[in-house]
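Hello,

Here is the structure I said I would send. Please open it first, then read my notes below.

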Amino acid sequence: MANAASGAAGRMYMELSKTTMKRIMLLITFTVLLLVGVQRMDVVLGALGFLWGILSPMFVGAALAFVLNVPMSALERRLFPRTGGKKTKKGKKGVSPALARAVCLLLTFLLLALVILLLVLVVVPQLAESIASLGGYVAAAAGRFAVWAEKQFAAYPEITSRLENLSINWAELAKNLWDFLTTGVGSVVSTTISATMRVFSAISTGFISFIFAIYLLLQKEKLGLQCRKALYALLPKRGADETIRVCSLSHKVFSSFITGQCVEAVILGAMFFVSMTILRIPYALLVGCLIAVTALIPIVGAFIGCIVGAFLLLMVSPMQALFFVVLFLILQQVEGNLIYPHVVGSSVGLPSIWVLVAVSVGGSLMGIAGMLVFIPLTSVLYALFREFVYQRLQAKGLQVK
């Protein structure tokens, strides 16, 4: 009896020793790799850049699929309500999931193409008209400047005499011009070839990303099941459960953020269109569409639309441009203090102050892309940290008021 107990204890000790040694070896391996990576940071960055060049179409396709999945899922819920192939409320057999998915994906692409076409038909003609009018204003200003210069030369003849006495080394000027042309031609050719290669690379990357996004959207349930199987196979059950929970929370927050951002952009564009129509400010539809598109960039995007709109109105009337800027400042206060924090902030479950912090930090680190990513990312971190704090307070038996 005692021998059996001692044997079991010995086996348990050996198993614990093996587990401990395995953890120690993993820790040593990680430490060595970390030290080597810090010492050879250039090699690590080069390897990461190489991997990014290979995998970037997949990342872009995954981001595109994530964005398009929001309207596609809404269309699936609206057009094809089904309960696992059972009878629906109308008593009709549910449509095949594959067919419903394909139809909703096609409708999503058609909706996206319709929005782009509408923007092109509205924005491009009026923008071309404004550029043409700008050319007329520039030509008129050049004519007025020529008349003014002639008057100045006539009123101050010493300017003309100084220009006539100005000595110019024409041979040196011709030599410099020839050197510029001979070196510039090669530079222009090299730049043209490089730009052409970049264009073809961007087109190929976009095509691969588009195909990859379609595959992800059509097979998202199957891919999700495969990822869950891989997580449970590679990680302990508790770690896999926690990873799936965090991923689910991230998906919910990012989807809500995209929806809230689009709703906020539509509201802001409609506000400008209605107010400019009431005040009879020109280009109401054009400016409303521009601001709705640029407002997809958090907080600062509307200012880009303001600059473009003020420029267009300046070609018509400086006073109208001034009225537009005043109107923009008023509506921007309404949008910044009421609409954006409540629509976007509530959609991601993030207080208004943290929305502003996320935009500031994300814009400083990664520009526009950082603004778009850091708001939902901050919301996820905020939710996880709040849950951790509540768990710790509950474990300590404290109620802080």
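Along the sequence, the pattern reads α-α-α-α-α-α-α-α-α-α-α. That makes eleven helices and zero strands. Please keep in mind that this is a predicted model.

Some overall numbers come next. The protein has 401 residues, and 23% of them count as buried. Its accessible surface is about 27,600 Å². Carbon and sulfur atoms account for 74% of that surface. I also looked at contacts between residues at least 6 apart in sequence. Of these, 69% join residues at least 24 apart.

**H2 and H5**

Two residue pairs link distant parts of the sequence. Phe 59 sits in helix H2, which covers residues 41-79. Tyr 215 belongs to helix H5, residues 170-218. Phe 59 pairs with Ala 213: 154 residues apart in sequence, but 9.4 Å apart in space, C-alpha to C-alpha. Tyr 215 pairs with Gly 61, again 154 residues apart in sequence, with 9.3 Å from C-alpha to C-alpha.

Are these two aromatic side chains buried or exposed? Neither: the partly exposed class runs from 20% to 50% relative accessible area. Phe 59 has a relative accessibility of 47%, so it counts as partly exposed. Tyr 215 is at 43%, so it is partly exposed as well.

Glu 76 is also in helix H2. Its relative accessible area is 10%; the cut-off for buried is under 20%, so Glu 76 is buried. What does Glu 76 touch, leaving aside its neighbours within four places in sequence? Its contacts are Pro 81, Arg 101, Cys 104 and Lys 220.

**H6 against H7**

Two packed helices are described by the angle between their axes and the distance between the axes. Helix H6 is residues 220-234, and helix H7 is residues 237-278. They pack at an angle of about 145°, and their axes are 7 Å apart. The crossing of H6 past H7 is right-handed.

Which residues meet there? H6 brings Arg 228, Leu 231 and Tyr 232. H7 brings Lys 237, Ala 240, Asp 241, Thr 243 and Ile 244. By class, that contact has four nonpolar, one polar and three charged residues.

I checked the length of H7 too. It has 42 residues, and at 1.5 Å a residue they should span 62 Å. The end C-alpha atoms of H7 are 61 Å apart, so the two values agree.

**After H7: Arg 280 and H8**

Arg 280 follows H7 and lies in the loop between H7 and H8. Most residues other than glycine have a negative phi. Arg 280 is not a glycine, yet its phi is positive, about 60°. Is Arg 280 buried or exposed? Its relative accessible area is 75%; the cut-off for exposed is over 50%, so Arg 280 is exposed.

Helix H8, residues 284-294, is mostly covered. Eight of its eleven residues are buried. They are Ala 284, Leu 286, Val 287, Gly 288, Cys 289, Leu 290, Ile 291 and Thr 294.

For a quick look, start with Glu 76, buried in H2. Then go to the H6 and H7 packing, and finish at Arg 280 with its positive phi.

Best wishes

Note on methods:
Residues numbered from 1 in each chain as written. Predicted model: local features only at pLDDT ≥ 70, side-chain atom pairs only at ≥ 80, totals over all residues. Heavy atoms only, no water. Axes fitted to C-alpha atoms, helices over the stretch in contact; angles between N-to-C directions. Helix = DSSP H or I, 4+ residues; strand = E, 2+ residues; numbered from the N terminus. Left-handed = near helix turned anticlockwise from the far one by under 90°. Contact = heavy atoms within 4.5 Å. Nonpolar A, V, L, I, M, F, W, Y, C, P; charged D, E, K, R; others polar. Expected span 1.5 Å × (residues − 1). Buried < 20%, exposed > 50% of the residue type's maximum accessible area, 1.4 Å probe, protein only. Areas by Shrake-Rupley, 256 points an atom, 1.4 Å probe, with all protein chains shown as cover.
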